[in-house]
Amino acid sequence: MTDYGYLVHLIYCAVHGTQPQEKPEGVSFKNVFEIGKLHEVSNIAFLSVDKLKNKPEGELYDEWKVYYYFSVRRNARQKAVYETVINALHSEGIRTLEAQGTITKTLYPSPELRMMSDIDLIIDMDNLEKAMGIMQSLGYSTSQKQPIEFDAHKGQELIEFHTQFFTEYMFNRRERYAGALDKPFSHSVPKGSGDALSFKLSDTYYYLYSIIHIIAHFEVAGCGIRRILDLYYLKKAFQDKTDSDFINKVIDENSLRDSYDKLFALEGEWFENIKSSLDLSETVSDIINGCNHGSEELFIRNNIRKDKKDGIRFAKLKHMLNIFFPKKDYICLEYPVCRERNYPLIICWTYRFFSKLKAFNFSHAIHRIKSIIKTK
């Protein structure tokens, strides 16, 4: 058994409340813990580790336990932050839509078991500037990388405000995913009676959006074990409550079937003991290497594969040139002033060149070029 395989086993046992196998020879508790942190699942794995007869020794066990309690504290802090922000927005008449981790974590046996990197909210486009002012009045610094969303930061707190399900900044070539699902509030229902400003997606659309969101991460730059575990809890909570014919229709019409089948097959093998006939070797490798938020290597490889219709060599050359001469949209994401002043592309390249000149990381550029060259 591999280190990551034992980690998946620990998570499976925690999910199903079964006694975990003692650590096999050749498996490193330290590696299991570190892999789990990269995938934000070491906290749930600790529930199984704590049942072992032969636990990790000394400081490692204590560190693992602290990490679990950190997830409890993090959940409590994010809940308090969420309530403060929601109250501030609603007091100014801004309606909000929950669509990601704040709901998914309620599907877990206990919400702290599903770690959440940030808080995501969807609001109306007309309220974006007003919401930025509210967040600034609460002591947050705000940054807007494109016109349809902004981030609010304060210490370790990060809240992302969106007006669409999928954006170019989040997902390269967003039209493929936005084409499958768009116009968030048109698919929403009131979150509770008597609350005119708080919305959530209907069951079918929340299940569909969550699946497509995971597929988008997987196809763009990779995704980790936590998102496969999300599929397990999403399936358990919503599969019998949703319009399966409609979901399958959307998946097929938007060419998402291959990734859909592979990810659910992997979920079945890891967390339901359902053996798949599909070859999941590359999928497993991508999930493990992608960690929770993907990797640059997978981002490069996946984008080259999308462009290889004109030949793999041409696709590689195109991506090498993009390192130094990216598209205008990409530069505007990195330097919003280029968008605000509507600079032509040649001025955008010049602005970016002189902005990066002092801090240009040649070793990083060389690393990216090597990744492009070795991509198959």
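Start by selecting Glu 160, which is buried at a relative accessible area of 16% (buried means under 20%, exposed over 50%, partly exposed in between, with a 1.4 Å probe and protein chains only). Glu 160 belongs to strand S5, residues 157-162 (strands, E, of at least two residues and helices, H or I, of at least four are DSSP runs, numbered from the N terminus). Show side chains and you'll find a polar contact of 3.3 Å between Glu 160 and His 162. A polar contact here is a pair of N or O atoms within 3.5 Å; within protein, one must be able to donate a hydrogen and the other to accept it, and residues adjacent in sequence count only if both atoms are side-chain atoms.

Now bring up the neighbours of Glu 160. Leaving aside residues up to four places away in sequence, Glu 160 touches Asp 118, Ile 119, Asp 120, Leu 121, Phe 150 and Asp 151 (contact means heavy atoms within 4.5 Å).

A quick word on what you're looking at: this is a predicted model, where local features need pLDDT of at least 70, side-chain atom pairs count only at pLDDT 80 or more, and totals for chains, interfaces and linings use all residues. Residues are numbered from 1 along each chain as its sequence is written, and side-chain values use heavy atoms, with hydrogens and water left out.

Next, colour the aromatics. The structure holds 23 aromatic pairs; rings of Phe, Tyr and Trp (its six-membered ring) pair if their centres lie within 6.5 Å, with planes under 30 degrees apart counted as stacked, over 60 as edge-to-face and the rest as tilted. Pick Phe 33 and Trp 64: the ring centres are 5.1 Å apart and the planes sit at 45°, so this pair is tilted. Phe 33 is in helix H2 (residues 29-38) and Trp 64 in helix H4 (residues 58-91), so the pair links distant parts of the chain, 31 residues apart. Both Phe 33 and Trp 64 are buried.

Widen the selection to Tyr 6, Phe 29, Phe 33, Trp 64, Tyr 67 and Phe 70, which ring pairs link into a cluster. While you're there, add Lys 23: its charged end sits over the ring of Phe 29, 5.7 Å from the centre. That label requires NZ of Lys or CZ of Arg within 6 Å of the ring centre and within 35 degrees of the ring normal. For another example, jump to Arg 95, which lies over the face of Phe 185 at 4.0 Å from the ring centre.

Now go to helix H11, residues 257-271, where Tyr 260 and Phe 264 are 4 residues apart, about one helical turn. Tyr 260 is buried at 13% relative accessible area, and Phe 264 counts as buried at 13% too.

Keep H11 on screen and add helix H12, residues 281-290: the two pack at an angle of about 80°, with their axes 10 Å apart. That makes H11 roughly perpendicular to H12. Axes are lines fitted to C-alpha atoms, for helices over the stretch in contact, and angles run from 0 to 180 degrees between N-to-C directions; under 35 degrees counts as roughly parallel, over 145 as roughly antiparallel, 65 to 115 as roughly perpendicular and the rest as oblique. At the meeting point, Lys 262, Leu 263, Leu 266 and Trp 270 in H11 meet Thr 283, Val 284, Ile 287 and Ile 288 in H12.

Last stop: Asn 273, in the loop between H11 and H12. Asn 273 has a positive phi of about 55° although it is not a glycine, and at 59% relative accessibility it counts as exposed.
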